Amino acid sequence: MKYLVVHSIFFFVAFSSVAQKPLVQLTVEPKTANVGDVITISVKSNIHGDIEVDLPQSFTQGYDIMNGMEQETDYNTGRTVTYYFYSHTGTIDKEGTFTIGPAYVKKGNKVYRSN
């Protein structure tokens with residue numbers, strides 16, 4: 001009986017993770033900064049793949065890089081969602097207005113883009 005329950009749970013978790021809508025979310029903190037201020041760029045996705053972010057040429061990447069994964073369960077519906085994170089810091093060396101992004105997650109032959 002335990003064997004059946006354990007396999008049912010694993011099947012449900014695997015099926016619910018495949019049935020998700022693709023999510024790629026890019027955040028930049030702070031929104032405005034002075035020259036030399038530290039900027040944190042984060043990508044959150046429910047797709048496990050290679051993450052790339054379009055950065056301006058004057059962006060100097062720092063040494064703080066973090067990546068990982070977490071799972072969230074919605075107890076009302078019983079769904080489990082796995083999120084993958086990638087975050088790094090850096091500075092802008094010139095004054096001006098810059099566009100950071102979009103972020104891309106490449107998985108197999110498909111490429112998912114952030115909004």
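The following exchange between a trainee and a mentor walks through a predicted model of one protein chain.

Trainee: Which secondary-structure elements make up the protein chain, and in what order do they run from the N terminus?
Mentor: The model is predicted, and the secondary structure assigned to the protein chain comes to one helix and seven strands. Read from the N terminus on, the order of these elements is α-β-β-β-β-β-β-β.

Trainee: What share of the residues of the protein chain counts as buried?
Mentor: The accessible surface of the protein chain comes to about 8500 Å², and carbon and sulfur atoms hold 54% of that surface. Among contacts with a separation of 6 or more, 63% are between residues 24 or more positions apart. Of the 115 residues, the share that counts as buried is 28%.

Trainee: In what order do the four strands of the open sheet stand?
Mentor: Strand 1, residues 24-29, and strand 2 run antiparallel and are joined by six bridges, while eight bridges join strand 2 to strand 5, residues 79-92, again antiparallel. Strand 4 and strand 5 also pair in the antiparallel sense, over 13 bridges. The four strands therefore form an open sheet with antiparallel pairing, in the order 1-2-5-4.

Trainee: Which strands stand at the edges of this sheet, and why is one side of each left without a neighbour?
Mentor: The sheet is open, with its four strands in the order 1-2-5-4. A strand at the edge has a single partner strand, so one side of it is left without a neighbour in the sheet, and this holds for strand 1 and strand 4.

Trainee: By what angle are neighbouring strands of this sheet turned against each other on average?
Mentor: The pairing throughout the sheet is antiparallel, and the angle is given with direction ignored. On that basis, the average turn between neighbouring strands is 15°.

Trainee: Which residues form the covered face of strand 2?
Mentor: In a regular strand the side chains alternate between the two faces of the sheet. In strand 2, residues 38-45, the uncovered face holds Val38, Thr40, Ser42 and Lys44, whereas the covered face holds Ile39, Ile41, Val43 and Ser45.

Trainee: Which residue of strand 5 stands opposite Ser45?
Mentor: Ser45 lies on the covered face of strand 2 and is also the bridge partner of Val24. Strand 5 is mostly covered, with twelve of its 14 residues buried. One of the residues in strand 5 is the bridge partner of Met69, and that residue also stands opposite Ser45, namely Tyr84.

Trainee: Over the ring of which residue does the charged end of Lys44 sit?
Mentor: A search of the whole structure finds zero aromatic pairs, yet a charge placed over a ring does occur here. Lys44 belongs to the uncovered face of strand 2. Its charged end is 4.3 Å from the centre of the ring of Tyr83.

Trainee: Which residue takes a positive phi in the hairpin of strand 4 and strand 5?
Mentor: Most residues other than glycine have a negative phi, and most peptide bonds are trans. The hairpin has four residues between its strands, and the residue with a positive phi, near 80°, is Gly78.

Trainee: Where are peptide bonds cis, and which residues do they join?
Mentor: One cis bond runs from Glu29 to Pro30, with omega near -10°, and Pro30 lies in the loop between strand 1 and strand 2. Another has omega of about 10° and leads to Pro102, which lies in the loop between strand 5 and strand 6. The residues joined are thus Glu29 and Pro30, and Gly101 and Pro102.

Trainee: Is Val105 buried or exposed?
Mentor: Val105 is found in strand 6, residues 103-107, and beyond its neighbours within four places in sequence its contacts include Val24, Ser45, Ile47 and Tyr112. Its C-alpha atom is separated by 9.5 Å from that of Leu23, although the two residues are 82 residues apart along the chain. Because its relative accessibility is 0%, Val105 counts as buried.

Trainee: What is the relative accessible area of Ser114?
Mentor: Ser114 lies in the segment after strand 7, residues 110-113. Leaving aside neighbours within four places in sequence, Ser114 is in contact with Val24, Leu26, Pro102 and Ala103. Ser114 is buried, and its relative accessible area is 4%.

How values were computed
Residues numbered from 1 in each chain as written. Predicted model: local features only at pLDDT ≥ 70, side-chain atom pairs only at ≥ 80, totals over all residues. Heavy atoms only, no water. Phe/Tyr/Trp six-rings, centres within 6.5 Å; stacked < 30°, edge-to-face > 60°. Lys NZ or Arg CZ within 6 Å of the ring centre and 35° of its normal. Buried < 20%, exposed > 50% of the residue type's maximum accessible area, 1.4 Å probe, protein only. Helix = DSSP H or I, 4+ residues; strand = E, 2+ residues; numbered from the N terminus. Pairing = 2+ DSSP bridges. Axes fitted to C-alpha atoms, helices over the stretch in contact; angles between N-to-C directions. Contact = heavy atoms within 4.5 Å. Areas by Shrake-Rupley, 256 points an atom, 1.4 Å probe, with all protein chains shown as cover.
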